[in-house]
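Here are my notes for your first pass through this one. Keep the viewer open and follow along point by point.

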Amino acid sequence: MSKVIVLAEHQDGALVKATLNALGAAKALNALVGGGFSIAVAGAGALDGVVASLQGYGAEAIYVAQDPALAGYTAQAYAQAFHAAVRESGAAFVVAASTAKGKDCTPRVAARLGAGQASDVVGVEAHGGGVVYVRPMWAGNIIGRVRVNTPVQVITARPTDFEAAPQVGGVSPVKPLAGAVDAASLRMSYVGLDAVKSDRPSLTDASVVVSGGRGLKEAENFKRVLEPLADALGAAVGASRAVVDLGWVPNDWQVGQTGKVVAPDLYVALGISGAIQHLAGMKGSKTIVAINKDPEAPIFQVADYGLVADLFAATPELTAQVKARKG
Ligand SMILES: Cc1cc2nc3c(=O)[nH]c(=O)nc-3n(C[C@H](O)[C@H](O)[C@H](O)COP(=O)(O)OP(=O)(O)OC[C@H]3O[C@@H](n4cnc5c(N)ncnc54)[C@H](O)[C@@H]3O)c2cc1C
């Protein structure tokens with residue numbers, strides 16, 4: 001019986017990297033509550049590749065729910081599968097990465113378990129013989145410490161705040177789960193995924209992100225001014241909500257409280273004021289560079305390097321410098 005179970009995520013046959021951060025969160029929990037951890041994998045067809053990439057992390061078991069109803073992701077079917085895995089493992093702590101799917105599915109798993117849930121957890125601490133979960137509230141302006149009072153507890157862990165678990169070697173036993181999904185009871189069915197295709201690194205995995213805001217003045221300037229810098233740096237492109245709402249760039253570029261949370265090695269903000277809702281999605285970045293013509297812009301309060309300048313002059317210069325250094 002494992003004390004903790006991690007709900008693994010995969011896409012197109014490959015493990016989603018954030019799952020390794022969820023394993024890191026599981027290990028942090030084990031350090032407080034003892035015991036070991038297991039992993040749950042759900043899907044249709046061959047899951048061998050995903051299971052193989054979860055080997056070597058020290059899991060006590062890898063539970064595998066395989067069912068045709070899991071061919072495309074729906075919260076309902078995956079919640080049934082994960083619920084079966086949690087029951088089988090006997091775990092008291094359920095951990096998923098705080099990704100779109102993790103956030104979508106875990107409340108259903110918690111409801112099935114009669115468990116309380118803490119979402120978007122950025123740390124775990126021992127407190128009074130139990131565990132408290134550290135989580136940002138009010139767009140990251142307050143860091144709350146919450147306790148969950150049910151015997152089984154579900155958390156989603158922010159991938160940017162837990163180190164990916166390291167390989168420790170060994171082979172975890174694989175345990176298939178029979179009848180984990182009751183297909184007849186499902187009221188959701190998977191229709192298709194209209195994924196945005198891009199040659200750039202994905203926003204949440206990239207080590208460099210260049211983001212633009214309303215200071216870019218018009219959509220065309222993302223292509224003309226921002227993207228050449230992103231290309232020179234091999235960066236993913238992000239944006240403020242203001243420009244997403246204006247329809248200049250796609251939704252999935254949005255960084256912030258209601259967008260993606262990123263923590264790259266380098267975050268470059270061009271013409272972004274630094275509203276708290278934007279900072280909530282990027283202030284964990286290791287180095288922040290901001291170009292803004294307003295010296296009072298709040299982005300400068302979190303920037304490691306700030307340039308008070310017109311971005312239309314400064315960005316092409318910066319791009320040329322980066323290119324020159326790369327040779
Ligand atoms: C519930 C809620 C959720 C939200 N969620 C998000 C979220 O997830 N992400 C998010 O980003 N926002 C979010 N917002 C919106 C947020 O409050 C701000 O409105 C938004 O971030 C502002 O975007 P911006 O910085 O691009 O635009 P602005 O605030 O208009 O700033 C533009 C900046 O560009 C600078 N500038 C202008 N011209 C130049 C130039 N030539 N050279 C250099 N600098 C220049 C200006 O000085 C200014 O600082 C949310 C708001 C609410 C209420």
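**Notes on the model**

1. Start with helix H5, where the buried residues are Asn 221, Phe 222, Val 225, Leu 226, Glu 227, Leu 229, Ala 230 and Ala 232. Bear in mind that this is a predicted model. The cover over those buried H5 residues includes three strands, S13 (208-212), S14 (236-239) and S15 (266-270), along with helix H6 (241-245) and helix H9 (311-326).

2. Next, the length of H5. The helix runs over residues 220-233, so its 14 residues should span 20 Å at 1.5 Å a residue. The C-alpha atoms at its two ends are indeed 20 Å apart, which agrees with that expectation.

3. Where does H5 have its kink? Look at Leu 226: the kink there is about 45 degrees, and the proline Pro 228 comes shortly after. Leu 226 is also on the list of buried H5 residues. Just past the helix you'll meet Gly 234, with a positive phi near 65 degrees.

4. Now zoom out to the domains. The protein is divided into two parts, domain 1 covering 4-185 and domain 2 covering 208-326. Five residues of domain 1 and seven residues of domain 2 take part in the contact. From one C-alpha centre to the other, domain 1 and domain 2 lie 33 Å apart.

5. How much area do domain 1 and domain 2 bury between them? The value is about 520 Å², with 57% of it on carbon and sulfur atoms. On the domain 1 side, the residues that lose the most area to domain 2 are Ala 139, Arg 158 and Thr 160, which together account for 74% of what that side buries. As for salt bridges between domain 1 and domain 2, the count is zero.

6. Two backbone angles deserve a look. Asp 12 isn't a glycine, yet its phi is positive, about 50 degrees. You'll find Asp 12 in the loop that links strand S2 (10-11) to strand S3 (14-15). Is Asp 12 buried or exposed? Its relative accessibility is 74%, and exposed means over 50%, so Asp 12 counts as exposed.

7. The other angle belongs to Lys 217, again a residue other than glycine, with a positive phi near 75 degrees. Lys 217 sits in the loop between S13 and H5, so to speak on the way into the helix from point 1.

8. Leu 32 belongs to helix H1, residues 18-33. With a relative accessible area of 35%, Leu 32 falls between the 20% and 50% cut-offs and is therefore partly exposed. Which residues does Leu 32 contact, once neighbours within four places in sequence are left aside? They are Val 124, Glu 125, Ala 126 and Val 131. Val 50 is 18 residues from Leu 32 along the chain, and their C-alpha atoms are separated by 28 Å.

9. Last stop: Ala 110, in helix H4 (residues 100-113). Its relative accessible area is 4%, and the limit for buried is under 20%, so Ala 110 is buried. Not counting residues up to four places away in sequence, Ala 110 touches Ala 115, Gln 117 and Val 154. Ala 100 lies 10 residues from Ala 110 in sequence, and the two are 16 Å apart in space, C-alpha to C-alpha.

How values were computed:
Residues are numbered from 1 along each chain as its sequence is written. This is a predicted model: local features need pLDDT of at least 70, side-chain atom pairs count only at pLDDT 80 or more; totals for chains, interfaces and linings use all residues. Side-chain values use heavy atoms; hydrogens and water are left out. Helices (H or I, at least four residues) and strands (E, at least two) are DSSP runs, numbered from the N terminus. The expected span of a helix is 1.5 Å times one less than its number of residues. The bend at a residue is the angle between axes fitted to the seven residues ending there and the seven starting there. Buried means under 20% relative accessible area, exposed over 50%, partly exposed in between (1.4 Å probe, protein chains only). Contact means heavy atoms within 4.5 Å. Domain bounds come from an automatic or database domain assignment. Buried area is the accessible area (1.4 Å probe) that two parts lose on being put together, summed over both. A salt bridge is a side-chain nitrogen of Lys or Arg within 4 Å of a carboxyl oxygen of Asp or Glu.
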